[in-house]
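Here's a set of exercises to work through with the viewer open. Try each task yourself before reading the solution under it.

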Amino acid sequence: MKFFVDTAEVEQIAELNALGMVDGVTTNPSLIVKSGRDIISVTREICSIVSGPVSAEVTATEAEAMIAEGRKLGEIADNIAVKVPLTWDGLKACKSLRDAGFMVNVTLCFSANQALLAAKAGASFISPFVGRLDDINLDGMALIEDIRIIFDNYGFQTEILAASIRTVNHVLDCARIGADVMTAPPAVIRSLANHPLTDKGLAAFLADIEKTGQKIL
Ligand code: G3P
C-alpha cells in the first residue's frame, strides 16, 4: 500500500520523505490555509521535494472553470494530480483533464456509486473519506471494501486512495482490504511505529546492559 501524506506542511513532508515514507502528498484548500502559504508556491515547493503524485485541489465549482484551474495547477510540475470534487461538474472536469494528459484525483467521495462514476470518467485516484463517514456513525471502511470489490469486478484502473484517515486502525484496515493508497496526517504515520511492548522491551534491554557497564562505542 502506498503512503501519501495529507498535509501542506513542507518541513513535515521533507522529514517523512527522507525516511522513504512518502509515496505522494495530498492537499486540500483547508490544509493550504492551515499552512499559511500561497497555494501555487507551496504546491511547487512540495513537488520539488516529492517525486510521487502531489494532489492540488481546484476551488471553482463549474466545469469549465475547474478545467482552467486544473490546467494551471497541472502545469506547476509533472507530478501534480489535479483534485476535483465528486460533483457532476467535477466528473466533467475529470474527463477533460484526463484527456489532456493530467492525473486527476476525484475527492469528497462518500458512496460506491460515486466511485464508480469517477472510475468511468477515467480518474487516476478516487478519494473516499473514511473518517468523515465514521463521524456520522456510518462505516467508512465498508465503503473502501465495496469500492475494492467493484473495481476488481470490472478491472477499473482507478486507484483507491483512502482519505480522511485518522487512526492507526484505519491504516491497518485499509492495508487488509487492499486500498491502493492511504493518505494520513504526519502524526498518524509517525504513530504507526508506537507500541508499548516495544518501549517496555527496550527499557529492559538497556537496564540489563547498563548493569554490566559494557559500551559498544
Ligand atoms: O485530504 C482530505 C482528507 O484526508 C481530509 O481528512 O480528517 O479532514 O476528514 P479529514
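## Getting oriented

The protein folds into 11 helices and eight strands. Keep in mind that this is a predicted model.

**Exercise 1.** Find the extent of the C-alpha trace along its principal axes, and work out what percentage of the residues count as buried.

*Solution.*
- Step 1: align the C-alpha trace with its principal axes; the spans come out at about 70 × 40 × 30 Å.
- Step 2: go through the 217 residues of the protein and check the burial of each; 46% count as buried.

## The ligand site

**Exercise 2.** Which residues surround the ligand, and how do the residues of this shell divide into nonpolar, polar and charged?

*Solution.*
- Step 1: locate the ligand, which sits in the largest pocket.
- Step 2: list the neighbours: Asp6, Asn28, Lys83, Phe129, Arg132, Ala163, Ser164 and Arg166.
- Step 3: sort that shell by residue class, which gives two nonpolar, two polar and four charged residues.

**Exercise 3.** At what distances do ligand oxygen atoms lie from N or O atoms in the side chains of Lys83, Ser164 and Arg166?

*Solution.*
- Step 1: start at Ser164, where a side-chain N or O atom is 2.7 Å from an oxygen atom of the ligand.
- Step 2: go on to Arg166; here the distance from a side-chain N or O atom to a ligand oxygen is 2.8 Å.
- Step 3: finish with Lys83, whose side chain has an N or O atom 3.5 Å from an oxygen of the ligand.
- Step 4: turn to surface area. On its own the ligand would expose 310 Å², and the protein buries 83% of that.

**Exercise 4.** Where is Ala163, a member of the ligand shell, placed in the secondary structure, and is Ala163 buried or exposed?

*Solution.*
- Step 1: look in the loop between strand E7 (159-162) and H9; that's the place of Ala163.
- Step 2: check the relative accessibility. Ala163 has 6%, so it counts as buried.
- Step 3: pick Pro185 as a reference point. Ala163 and Pro185 are 22 residues apart in sequence, with 9.8 Å between their C-alpha atoms.

## Buried polar side chains in loops

**Exercise 5.** Which backbone oxygens do the side chains of Asn79 and Thr27 reach?

*Solution.*
- Step 1: find Asn79 in the loop between helix H4 (63-74) and strand E4 (80-85).
- Step 2: its relative accessible area is 11%, so Asn79 is buried.
- Step 3: look for a partner. A polar atom of the Asn79 side chain lies 2.7 Å from the backbone oxygen of Val50.
- Step 4: move to Thr27, in the loop between strand E2 (24-26) and helix H2 (29-35).
- Step 5: Thr27 has a relative accessibility of 2% and therefore counts as buried.
- Step 6: its side chain reaches the backbone oxygen of Ser55 at 2.7 Å.

## Positive phi

**Exercise 6.** What are the phi values of Leu108 and Asn137, and how accessible are Leu108 and Asn137?

*Solution.*
- Step 1: read phi for Leu108. The value is positive, about 60°, although Leu108 is not a glycine.
- Step 2: place Leu108 in strand E5 (residues 103-109).
- Step 3: with 32% relative accessibility, Leu108 counts as partly exposed.
- Step 4: do the same for Asn137, another non-glycine residue with a positive phi, near 65°.
- Step 5: Asn137 belongs to the loop between helix H7 (130-135) and helix H8 (140-154).
- Step 6: a relative accessible area of 74% is over the 50% cut-off, so Asn137 is exposed.

## Sequence gap against distance in space

**Exercise 7.** How far apart are the C-alpha atoms in the pairs Val84 and Phe129, Cys174 and Ala123, and Glu145 and Lys34?

*Solution.*
- Step 1: Val84 lies in strand E4 and is buried at 0% relative accessibility. Its C-alpha is 14 Å from that of Phe129, 45 residues apart along the chain.
- Step 2: Cys174 is part of helix H9 (residues 168-177) and counts as buried, also at 0%. Between Cys174 and Ala123 there are 20 Å, C-alpha to C-alpha, for a gap of 51 residues.
- Step 3: Glu145 lies in helix H8 and is partly exposed at 41% relative accessibility. Glu145 and Lys34 are 111 residues apart in sequence, and their C-alpha atoms are 31 Å apart.

Methods. Residues are numbered from 1 along each chain as its sequence is written. This is a predicted model: local features need pLDDT of at least 70, side-chain atom pairs count only at pLDDT 80 or more; totals for chains, interfaces and linings use all residues. Side-chain values use heavy atoms; hydrogens and water are left out. A residue is near a molecule or strand if one of its heavy atoms lies within 4 Å of it. A polar contact is a pair of N or O atoms within 3.5 Å; within protein, one must be able to donate a hydrogen and the other to accept it, and residues adjacent in sequence count only if both atoms are side-chain atoms. Accessible areas come from the Shrake-Rupley method with a 1.4 Å probe; for residues, only the protein chains shown count as cover. On a 1 Å grid over the protein atoms alone, a cavity is a set of points where a 1.4 Å probe fits but cannot get out, and a pocket is an open set with protein on both sides within 12 Å along at least five of seven lines; lining residues have an atom within 4 Å of a point. A molecule sits in a cavity or pocket if more than half of its atoms lie within 2 Å of its grid points. Ala, Val, Leu, Ile, Met, Phe, Trp, Tyr, Cys and Pro count as nonpolar, Asp, Glu, Lys and Arg as charged, and the others, Gly among them, as polar. Helices (H or I, at least four residues) and strands (E, at least two) are DSSP runs, numbered from the N terminus. Buried means under 20% relative accessible area, exposed over 50%, partly exposed in between (1.4 Å probe, protein chains only).
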